[in-house]
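This report covers the internal spaces and the covalent cross-link of one protein chain. The model comes first, then the notes.

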Amino acid sequence: MSPPVSIPGVATLAAATPEVPTTIGIRTLIRTTIVALPLWMAACQSPQPDTDWVRVVVPPPASPDIGSTQEPQPAPTDRRAQGPFQPNANLKLCNARLSNPPSVDRVGFVIDFAPLVVARERVILAAAPANDVCLSSGFGPRSGRLHKGIDLVARPAGLIYSAAPGIVREARWGRGFGWFVTIDHGHGVYTRYAHLEAFMEDIKPGTRLGFGQALGKMGRTGNATATHLHYEVLTGRWGRKGSFGLSAIDPLSLPGYDPLLTATNDRPREQS
């Protein structure tokens with residue numbers, strides 16, 4: 001299996017600044033003002049777009065407790081600063097016919113969706129670590145097996161981000177998963193991101209990440225019939241089986257993050 005195509009950082013393109021005449025005739029200036037003024041006023045009065053889909057929430061504060069005490073060695077890259085990702089405030093179903101759908105309102109938005117959730121009372125996670133996605137499959141039984149995560153779709157396919165601060169444990173090809181990344185967030189909490197088209201060039205075991213750092217691009221590698229992200233929240237002790245020896249939690253069943261609360265007694269259901 002050949003390695004995935006890495007995604008280099010985005011270069012900043014400096015546009016050339018055209019030369020501006022040093023003098024402008026008074027008639028030309030008046031004529032330009034008369035033409036431009038109505039357009040400028042119309043733009044100022046234009047209605048704002050529907051914000052139900054595009055509204056985002058402020059990410060949680062950066063946590064000084066990143067990853068577990070048993071860090072992979074060496075740590076080649078440090079990207080623990082908070083990244084650019086801001087979670088969408090809402091999540092919508094891709095269609096009405098999907099496996100294990102959560103409760104939704106009459107237009108298909110998930111009821112009581114929390115863009116930031118808390119795992120094991122300590123780790124703040126993004127419930128959907130990509131922007132402008134819809135839910136194509138929920139957590140639970142599917143085709144006679146347990147679907148251990150949620151499937152998220154974006155058109156066009158976009159970047160996938162770290163759901164919380166942590167350390168990359170796995171960034172490799174997995175049978176069925178295609179190219180996938182697993183992040184250790186400490187306190188026995190991990191997240192896994194599968195079917196990626198490619199990794200960012202510095203995503204490898206040992207890389208330290210802050211909340212919302214780019215991992216790679218949504219894809220359809222492995223056992224995937226369409227481009228999407230398979231996203232899992234996992235708990236347990238890291239062992240010889242790696243992420244495949246952990247237990248899965250439904251991300252949408254986790255309690256929502258409330259900055260006014262320091263802890264919660266809610267416990268989500270766990271599945272091996």
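The model is predicted. By class, the lining of the largest pocket has eight nonpolar, 14 polar and seven charged residues. That pocket has a volume of about 760 Å³. Its lining counts 29 residues, and R142, R145, H147, F177 and H230 lie nearest the centre.

Five strands each supply at least two residues of this pocket lining: β7 (145-147), β8 (150-153), β12 (189-199), β15 (229-235) and β16 (247-249). Of the strands, β7 gives the most, with three residues.

Closed space is a separate matter. The structure holds one cavity of 30 Å³ or more. The largest cavity encloses about 70 Å³. Eleven residues line this cavity, and N88, N90, A128, A130 and V133 are the closest to its centre.

The table sets out the two linings by class.

| Space | Nonpolar residues | Polar residues | Charged residues |
|---|---|---|---|
| Largest pocket | eight | 14 | seven |
| Largest cavity | eight | two | one |

Now the cross-link. The count comes to one disulfide. C94 is joined to C134, with an S to S distance of 2.0 Å. C94 sits in the loop between β2 (92-93) and β3 (116-119), and C134 in strand β5 (residues 134-137), so the bond ties together parts 40 residues apart in sequence. The torsion about the S-S bond of C94 and C134 is about 95°, so this disulfide is right-handed.

Are the two cysteines buried or exposed? C94 is partly exposed, at 30% relative accessible area. C134 counts as buried because its relative accessibility is 16%, and the cut-off for buried is under 20%.

Technical notes. Residues are numbered from 1 along each chain as its sequence is written. This is a predicted model: local features need pLDDT of at least 70, side-chain atom pairs count only at pLDDT 80 or more; totals for chains, interfaces and linings use all residues. Side-chain values use heavy atoms; hydrogens and water are left out. On a 1 Å grid over the protein atoms alone, a cavity is a set of points where a 1.4 Å probe fits but cannot get out, and a pocket is an open set with protein on both sides within 12 Å along at least five of seven lines; lining residues have an atom within 4 Å of a point. Grid points are joined across faces, edges and corners, and a volume is the space filled by probe spheres set on the points. Helices (H or I, at least four residues) and strands (E, at least two) are DSSP runs, numbered from the N terminus. Ala, Val, Leu, Ile, Met, Phe, Trp, Tyr, Cys and Pro count as nonpolar, Asp, Glu, Lys and Arg as charged, and the others, Gly among them, as polar. A disulfide is a pair of cysteine sulfur atoms within 2.5 Å. Buried means under 20% relative accessible area, exposed over 50%, partly exposed in between (1.4 Å probe, protein chains only).
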